[in-house]
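User: I have a model open and would like the reasoning behind the labels attached to it. Please set each value against its definition.

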Amino acid sequence: MDTLANVTLGLETALQFSNLIYCFAGVCVGMLAGMIPGVGPLTAIAVLFPLTFYLPPTTALIMLGGIWYGGGYGGRITAILLNIPGEPIHAVMCQDGYPLAKQGRAGVALMLSAISAFFGGSVGILLLMLFGPVVANFALRFGAAEYFALMLFGMVVASTISQGSIIKALAMVTLGVMFGSVGIDIYTGVPRFTFGVAELTKSISLVSLAMGIYGVAEVVASIREEQDVGEIDMKGVTGAAAKPDRQDWRRFWPATFRGSAVGSFLGVMPGAGVLVATFMAYALERRVSKHPQQFGKGAVEGVMAPESAAGSAEMTGFIPTLTLGIPSSPSMVLMAGALIVQGITPGPALMSQHPDLFWGVVMSFWVGNIMLVVLNIPFIRLWVRMLEIPYHFLFPAILVFICVGAYVEAYTSFDVWMIAFFGVLGCFMRWAELPAAPMLLGFVLGPQMEDNFRRAMLLGNGDLTVFFQRPISCAFMIITFALLPFIVWSAVNEIRRHRGSGSGVPVNS
Amino acid sequence: MSDRNFRDIFSGAALSVFGLWFAWFSINNYGRGTLENVGDGLFPAAAAVLLTVFGIVILWSGLVTVAVKSDFRFRVPLFIVASVAAFALLIGPFGLAPAVVATTLLASLAELKTKLLGLAVLCMTLCGLVYLIFIVGLHLIIPMINWPF
């Protein structure tokens, strides 16, 4: 069996001692980052990103991946015990997790959500193993026209699904594409938008951009909304109180199955990702539940379904990233970036050229998920302790590591200045409610999109209809164009909604 | 003016002005080429034109909607960005330790919660951590302390 050989190869890679160590380090860092408000897994990935230059690519991706899904496990603890969502994706967990904790069933909630997340993650990993090779094989036939159409499709869908204003998201994607065009043009060798700055010829550093608009802006926003950590009642967490009863288990399977299905599907969609998946899973569960009145007051389904959705979405998000080279979320952008820095382009060829990398990373996800379940419950006291580190000690540390990290990428203080620049931009964007995720996506996909557009034009003798002549590319184009009326409609709708609101102040013309 | 969505008006205007300038700069300095052989200025210019359009829509939506109250305090972002800038200034001539200390101190000014002793301990810890991770652990060649004069 081909698959069996691949799995064996993957396990061999994932179980190497150094990979195990970095996997462990990754999930621990991720768990802590997920717990501490103001430090997301994305910030943690950005801070540790420079370390990956000095690791083998497989190990690097194993560690970054560990941070990514470890964050989900950590955020859950604070959401359930303290009603503090470490990350927006855990806001749903507070709905029913905290009421459960108040009823003295915190241990049950934690245990069930850990198992749900593991189950969802396993479903996601299985899908990744099954569909990864299929998608990659399919994508090997893609030409320039298909890639251009696919990227256009990805950008438009990502902006459409993302939260908030669609027009603002689209504006940010295009702004990202524009930032992406800075640097030497690969066709003509002309340095574009460099204004004579030598450091800009090799294009804007992804690390600086991501750390500026996420890291710095996140720190600024978190300082304002610092929360006090209350007392935690540890009685309901350990011992017999942590054992789910028979009824909990009966409610476990259907909820987890539905959650995993929702999560797996939305995880693949660019822009939707984990956040939308958790909300959708929660909404679906309340809709189909026989006792919807329990939701919000401590329904176990309200904990299990979003958690399994998050677990599976975190895993299936790797399908487009690794097989098509199209990252579905900002964290995926950074992980793809870590591979690119190492000289490996994520895409359909990845699986055949570096099978040990793909399968090793996939199998390490399983190892990491098991580590998380094992680490989670017994050491919960220890993890919660970490919350007592005050944020005013943490944020200078984050800034220092961001700066050092950006500096060591090329040993130039220019990249640190770029963090300051993008930090200002990031703060402005938060104030103006302009989303940062689409901009990062546009920045990474923009250069590839331009490259494929120009190649498609060259091959098609300047005929723009080339994108409609090939079936796959035509399908992507048609779906993209079909979204246009929806975009216009929702933009108009949004304006109409805001017109009357705002404490009844009439609009003067 | 106060009941308009000033936030959207301003950001929309900024985006469209930037888009216009970017398109103009791109077309003027780089080749447009033909569709068959696309020049190096066409794609960025097209993106910039799109941004201008989106910017105008955001501006227009700000004009017809009601303002959402939002305060913007300058203190926090100012000190945070300054702390990053301080690192950029100091790392080259003075080395890691002074840059780390300056960043820590300036960043802490954004929120005056840390006491003097806490700050000193934090500075030392961070210098130690950076030394252990980047110089001992990763064998990077960055001087901890440098004296340029």
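The turns below go through the two chains, their contact and the shared core.

Analyst: This is a predicted model, in which local features need pLDDT of at least 70, side-chain atom pairs count only at pLDDT 80 or more, and totals for chains, interfaces and linings use all residues. Residues are numbered from 1 along each chain as its sequence is written, while chains are lettered from A and ligands numbered from 1 in the order in which they are written.

User: How do you know whether chain A agrees with a compact globule in its radius of gyration?

Analyst: The radius is taken over C-alpha atoms, and the globule rule is 2.2 Å times the number of residues to the power 0.38. For 509 residues the rule gives a value near 23 Å, and chain A has 23 Å, so the two agree. The C-alpha atoms of chain A fill a box of roughly 70 × 70 × 45 Å along the principal axes.

User: What does the globule comparison give for chain B?

Analyst: A compact globule of 149 residues would be near 15 Å, but chain B has 24 Å. Chain B is divided into domain 1 (6-64) and domain 2 (75-137), with bounds that come from an automatic or database domain assignment. The centres of these two domains of chain B, taken over C-alpha atoms, are 38 Å apart.

User: What makes a residue count as buried?

Analyst: A buried residue has 20 or more other C-beta atoms within 10 Å of its own; with 12 or fewer it is exposed, and in between it is partly exposed, the C-beta atoms being placed from the backbone. Buried residues make up 59% of chain A and 40% of chain B.

User: Why is H18(A) called largely enclosed?

Analyst: Of its 20 residues, 15 are buried, so the rest of the structure largely encloses H18(A). Helices (H or I, at least four residues) and strands (E, at least two) are DSSP runs, numbered from the N terminus. The expected span of a helix is 1.5 Å times one less than its number of residues. For H18(A), residues 391-410, that is 28 Å, and the end C-alpha atoms are 30 Å apart, which agrees. A:Tyr411 follows H18(A) and has a positive phi, near 55°.

User: How many residues does each chain bring to the contact between them?

Analyst: Chain B brings 56 residues and chain A brings 59, where two residues are in contact if their C-beta atoms, placed from the backbone, lie within 7 Å. H2(B) gives the most to the side of chain B that touches chain A, with 12 residues.

User: What makes the core a nonpolar core, and where does it lie relative to the domains of chain B?

Analyst: A nonpolar core is a set of buried Ala, Val, Leu, Ile, Met, Phe, Trp, Tyr and Cys residues joined through C-beta atoms within 7 Å. The largest such core has 216 residues, and B:Val84 is one of those that touch the most other members, along with A:Ile80, A:Phe148, A:Cys403 and A:Ile419. Helix H6 of chain A (residues 106-139) gives the most to this core, with 17 residues. Domain 1 and domain 2 of chain B both give residues to this core, so the core lies between them.

User: Which residues does B:Val84 touch?

Analyst: Leaving out residues up to four places away in sequence, B:Val84 touches A:Val216, A:Leu399, A:Cys403, A:Val416, A:Ile419, A:Ala420 and A:Gly423. B:Val84 is among the buried residues of H3(B), which include B:Ile80 and B:Phe87. H3(B) has 20 residues and reaches 27 Å, close to the expected 28 Å.
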